[in-house]
Protein chains: 2
Amino acid sequence: MDMNRQIASLVRPIQEDLLSGAAEIALRAISIFHTVLKLDDSDNAATVRMHLIQTAQALLDAQPAMAPVFHLCNHILFATDNCTTAQELKTECLVALDYYEKKLCDDVAKIADYVLDVIPPGGLVFAYSFSSTVVSCLLHARARGHYFRVACTESRPSMEGRKLASRLAAGNIEVLYTYDTAMGLVLPNCGVALMGCDCVGAPGLVNKAGSLLLALACKDMSVPLYALASTNKFVAEDRLFEFENHERPGSEVWDDVPAGVRVLNRQFELIPVASINAIITEHGFIGPDQVEQQIAQARVHEALKLAPVTF
Amino acid sequence: MDMNRQIASLVRPIQEDLLSGAAEIALRAISIFHTVLKLDDSDNAATVRMHLIQTAQALLDAQPAMAPVFHLCNHILFATDNCTTAQELKTECLVALDYYEKKLCDDVAKIADYVLDVIPPGGLVFAYSFSSTVVSCLLHARARGHYFRVACTESRPSMEGRKLASRLAAGNIEVLYTYDTAMGLVLPNCGVALMGCDCVGAPGLVNKAGSLLLALACKDMSVPLYALASTNKFVAEDRLFEFENHERPGSEVWDDVPAGVRVLNRQFELIPVASINAIITEHGFIGPDQVEQQIAQARVHEALKLAPVTF
């Protein structure tokens, strides 16, 4: 099999992964880069670089909404830009991968410490969709002896809420589980609501559809809502709206649809930053009015720049 | 089989019916009363009356949130109160059933005429859950030559949104269908949102869980939201909160739930009247500030009075 097809077959499961949050997908992307480096037996630096770029582009096509995957690819491509031999390129790439993986884990550990302050003692915490950051933070709090329960919903159509409920229950946290639109019935009993997110930009956060309804309900019911997100979720505005390209097959929502009915299966939506109380990052609480100044003015590697929109 | 068990077995399917709206359930209740009258071979007025009361109580136990069923039972019991023979009682009951059935149909026809005014020409109409009143009004509008499309969602866990989509599509109305929490993605394109409801009281409307999220989203996105409901949905406050007794098995939401996870499956919620633009009744538009004066100060038959709450 040529490298092109191998890369495509490595990335395909990432495209089909509807159960994992953005940080978890980034960890999976790291192991795909490891595999690509191992499979690549070329001793030509340009060829190895081309395969890294192909991998990066395939990952971003597969999960256009997930900022940590973008930052990972961007980090790797810049880190290897000045390498002149295939061996040097592979070595630098491994260093960059290790750095990024450690940073992902360190960021979550820091966020988890801040989250301890918002968990109501003995109270009920609402959590939506699936975020590995949210799971890690809740398990960390439980391990630190904090007692609380979690309410969550199924998260149609992929049901990643079941993964959330199972992980928390396995970690000795009692879970109250219901269907998505019943969130209005449990939120009044919750002391706080937490969500992950896939992207943060000046106009808002991108997360699983339903997050906007959660934000509106939290505001109406005076339940504080925090997004837990490392700053590797922050992106410029052009990248933020990439989520709009992510439409899934309608058959995942209704497989034997009658004539005259069209099924829409978009997974993500934009939640205005003003709709949430704060984003909890590895640097602490970022309020809605501080988001804009946090958007990294980071350089974007030439290979990952988006084509300008044409009308 | 004795009458008691026959009544129970006639009413059981009503309890299991999670796909029908309140007006449709009332029509099914009418045919149950017809069957009970046919099966009842007693020539003792007290016995026939007891069977009617048992049927009424069984129906209200089965669907405590559905006001038209309550009003139907109340109407029948008052209409037959002064009958002294079994035959007279049966005759009066049939007259009352016919009156109520005709009133149900006439009310919907009147509501359908008012609804014509709120459908945006060529626009997109959002409809939530399943309401036979909403379906009738939309089909009526289509039959009158109005062109519009409908967006609706599946309505977990019973998926009565599929019944809605199928009925509308069969009536030559184009339908855009998605999962429930994606309502925030389609509402900005909708010119109006419609819902049925099961009960209306001074504090609010009772309808399928998720209606509150719909109301909050409509307000946020400036989409007018109307509830279509005959005044046979209006009830006093004690009856209004009967919906809180309606909890379904958790297995309907998640059938192989892991240890440590409790499933909540409540079907109904209260939507404050101030959250919607108006209720469209057979008498026209009732604004949020006019609901209280519309609550019928109707007498409640002794056999249907609720036991006072004890602490």
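Analyst: A residue lines a pocket when one of its atoms lies within 4 Å of a pocket point. The model discussed here is predicted.

User: Which residues line the second largest pocket nearest its centre, and what makes them lining residues?

Analyst: Nearest the centre lie A:Leu264, A:Arg266, B:Leu185, B:Val186 and B:Asn189. They count as lining because each has an atom within the 4 Å cut-off. The full lining has 17 residues. Two elements give two or more residues each: β9 (268–272) of chain A and α8 (183–186) of chain B. The space inside is about 270 Å³.

User: How many residues of the lining of the second largest pocket are nonpolar, and what makes a residue count as nonpolar?

Analyst: Ten are nonpolar, two are polar and five are charged. The class follows from residue type, so Leu and Val are nonpolar, while Arg is charged. By that rule B:Leu185 falls among the nonpolar residues and A:Arg266 among the charged ones.

User: How many residues does each chain bring to the contact, and what makes a residue count?

Analyst: Chain A brings 46 residues and chain B brings 46. Each counts because it has a heavy atom within 4.5 Å of the other chain. The area buried between the chains is about 3,600 Å², with 67% from carbon and sulfur atoms. On chain B's side, B:Tyr179, B:Thr181 and B:Leu213 supply 20% of the buried area, more than any other three residues.

User: Why is the pair A:Arg156 and B:Glu154 called a salt bridge?

Analyst: The closest N and O atoms are 2.5 Å apart. The cut-off is 4 Å, so the pair qualifies. Side chains of opposite charge can pair when their charged atoms come close. Between chain B and chain A the count is two salt bridges. Polar contacts across this interface number 20 residue pairs.

User: Which element of chain B gives the largest share of the side that touches chain A?

Analyst: That is α9(B), with five residues. By class, this side of chain B has 28 nonpolar, eight polar and ten charged residues.

User: What makes A:Asp106 and A:Lys102 a salt bridge, and where do they sit?

Analyst: Their closest N and O atoms are 2.7 Å apart. That is inside 4 Å, so the pair is a salt bridge. Both residues belong to helix α5 (residues 86–115) of chain A. They are four residues apart there, which means a separation of about one helical turn. Over all chains, the whole structure has 24 salt bridges.

User: How do you know that the peptide bond from A:Arg156 to A:Pro157 is cis?

Analyst: Its omega is near -5°, and the bond is classed as cis. A:Pro157 sits in the loop between β2 (149–153) and α7 (160–170) of chain A. In chain B, a cis peptide bond joins B:Arg156 and B:Pro157, with omega about -5°. B:Pro157 lies in the loop between β2 and α7 of chain B. Most peptide bonds are trans.

User: What is the phi of A:Asn172, and where is this residue placed?

Analyst: Phi is near 70°, a positive value in a residue other than glycine. Most residues other than glycine have a negative phi. A:Asn172 is in the loop between α7 and β3 (175–178) of chain A.

How values were computed:
Residues are numbered from 1 along each chain as its sequence is written. Chains are lettered from A and ligands numbered from 1 in the order in which they are written. This is a predicted model: local features need pLDDT of at least 70, side-chain atom pairs count only at pLDDT 80 or more; totals for chains, interfaces and linings use all residues. Side-chain values use heavy atoms; hydrogens and water are left out. On a 1 Å grid over the protein atoms alone, a cavity is a set of points where a 1.4 Å probe fits but cannot get out, and a pocket is an open set with protein on both sides within 12 Å along at least five of seven lines; lining residues have an atom within 4 Å of a point. Grid points are joined across faces, edges and corners, and a volume is the space filled by probe spheres set on the points. Buried area is the accessible area (1.4 Å probe) that two parts lose on being put together, summed over both. A salt bridge is a side-chain nitrogen of Lys or Arg within 4 Å of a carboxyl oxygen of Asp or Glu. A polar contact is a pair of N or O atoms within 3.5 Å; within protein, one must be able to donate a hydrogen and the other to accept it, and residues adjacent in sequence count only if both atoms are side-chain atoms.
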